[in-house]
Amino acid sequence: MSVNITFMVIMGALYACGIYLLLERSLTRVVLGLTMLTNATNILLLSTGGFQGLAPLFNPGIAAEDYNDPLPQAFILTSIVISFSVTAFMLGIIYRSWVLSRQDEVQDDIEDRRVASQSSFDAEDDADVPEDTTEFTPPEEAEEAPGSLRATGQSTSPEAKE
């Protein structure tokens with residue numbers, strides 16, 4: 001399968017611009033970044049389908065390799081629906097933010113500043129893990145449970161029962 005270099009350049013530019021816009025603090029730019037990312041993903045899915053072929057309708061006289069793959073097209077339709085719903089949700093958030101505060105930038109709050117000022121060391125996550133992490137004691141070191149046959153001195157072998 002050969003890949004169209006123009007698709008790859010456009011897709012790379014859309015991914016780069018989309019990620020750059022996604023990292024901005026303005027919600028409008030975030031929506032534009034998400035739109036660019038979804039369009040780049042649609043181009044990626046389109047390029048996986050290969051060259052243009054025949055419609056994926058069965059005809060006994062056509063060889064199987066002459067058909068176009070319908071799966072990337074179905075993925076693109078699914079991606080369009082998902083991107084539309086995410087865009088509508090983000091536009092609702094932007095509208096609500098504009099109605100409440102007359103701005104669409106995400107502001108730092110006290111919790112954001114507190115988390116940013118903490119050190120990255122976490123005592124639980126960064127602690128040394130011992131070699132043996134089992135919670136069970138080996139049979140040699142285990143105490144016998146009350147009422148067990150070994151604790152009372154009885155044997156479970158067939159010779160002892162006779």
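**View 1. Two salt bridges turn up in this predicted model.** One of them joins the side chains of E24 and R29, with nitrogen and oxygen 3.4 Å apart. Are these two residues buried, exposed or somewhere in between? E24 has a relative accessibility of 25%, so it lands in the partly exposed group. R29 is partly exposed too, at 43%.

**View 2. E111 and R114 make a salt bridge within helix 4.** Zoom in on the closest N and O atoms of this pair and you'll find them 2.5 Å apart. Why do E111 and R114 sit about one helical turn from each other? They are three residues apart in helix 4, which runs over residues 110–117, and that spacing gives the separation of about one turn. Here's the background: an α-helix has 3.6 residues a turn, so residues three or four places apart point the same way. Both partners are partly exposed: E111 has 41% relative accessibility, and R114 has 40%.

**View 3. Helix 3 covers residues 71–101.** Count along this helix and you get 31 residues. From its first C-alpha to its last, helix 3 reaches 45 Å, close to the 45 Å expected at 1.5 Å a residue. Which residues of helix 3 are buried? They are P72, I76, S79, S83, M90, I94 and S97. And what do these buried residues pack against? Their packing partner is helix 2, residues 27–48.

**View 4. N42 shows one meeting point from the helix 2 side.** This asparagine belongs to helix 2. With a relative accessibility of 12%, N42 counts as buried, because the cut-off for buried is under 20%. Which residues does N42 touch, once those up to four places away in sequence are left out? The answer is I76, S79 and I80. Two of these names, I76 and S79, may ring a bell from the previous view, as they are among the buried residues of helix 3.

**View 5. Y95, V99 and L100 form a nonpolar patch on the surface.** Taken together, these three residues have about 350 Å² of accessible area. Take a closer look at Y95, which is part of helix 3. Is Y95 buried or exposed? Its relative accessibility is 59%, so Y95 counts as exposed.

**View 6. R102 comes right after helix 3 and has a positive phi.** You'll find this arginine in the loop between helix 3 and helix 4. Some context helps here: most residues other than glycine have a negative phi. R102 isn't a glycine, yet its phi is positive, at about 60°. As for how open its position is, R102 counts as exposed, with 57% relative accessibility.

**View 7. C17 in helix 1 and L37 make a handy pair for comparing sequence with space.** Helix 1 spans residues 5–22, and C17 is part of it. How far apart are C17 and L37? Along the sequence they are 20 residues apart, while in space their C-alpha atoms are 8.3 Å apart. C17 itself is partly exposed, with a relative accessible area of 39%.

**View 8. Three stretches carry a label taken from the UniProt record.** An unreviewed UniProt entry lists residues 6–23, 30–54 and 74–95 under "transmembrane region". What does the chain look like over two of them? Over residues 6–23, the chain is 94% helix and 0% strand, with 26 Å between the end C-alpha atoms. Over residues 74–95, it is 100% helix and 0% strand, and the end C-alpha atoms are 32 Å apart.

**View 9. Zooming back out, the protein has six helices and zero strands.** Follow the chain along the sequence and the pattern reads α-α-α-α-α-α. How much of the protein is buried? Of its 162 residues, 15% count as buried. The accessible surface of the protein comes to about 13,200 Å², and carbon and sulfur atoms account for 61% of that. Now take the contacts between residues at least 6 apart in sequence: 54% of them join residues at least 24 apart.

Conventions. Residues are numbered from 1 along each chain as its sequence is written. This is a predicted model: local features need pLDDT of at least 70, side-chain atom pairs count only at pLDDT 80 or more; totals for chains, interfaces and linings use all residues. Side-chain values use heavy atoms; hydrogens and water are left out. Helices (H or I, at least four residues) and strands (E, at least two) are DSSP runs, numbered from the N terminus. The expected span of a helix is 1.5 Å times one less than its number of residues. Buried means under 20% relative accessible area, exposed over 50%, partly exposed in between (1.4 Å probe, protein chains only). Contact means heavy atoms within 4.5 Å. A salt bridge is a side-chain nitrogen of Lys or Arg within 4 Å of a carboxyl oxygen of Asp or Glu. Patches are made of residues with over 30% relative accessible area and no salt bridge: like charges are joined within 9 Å, nonpolar side chains (Val, Leu, Ile, Met, Phe, Trp, Tyr) within 5 Å. Accessible areas come from the Shrake-Rupley method with a 1.4 Å probe; for residues, only the protein chains shown count as cover. UniProt positions are given in the numbering used here, feature names are shortened, and annotations may be inferred rather than shown by experiment.
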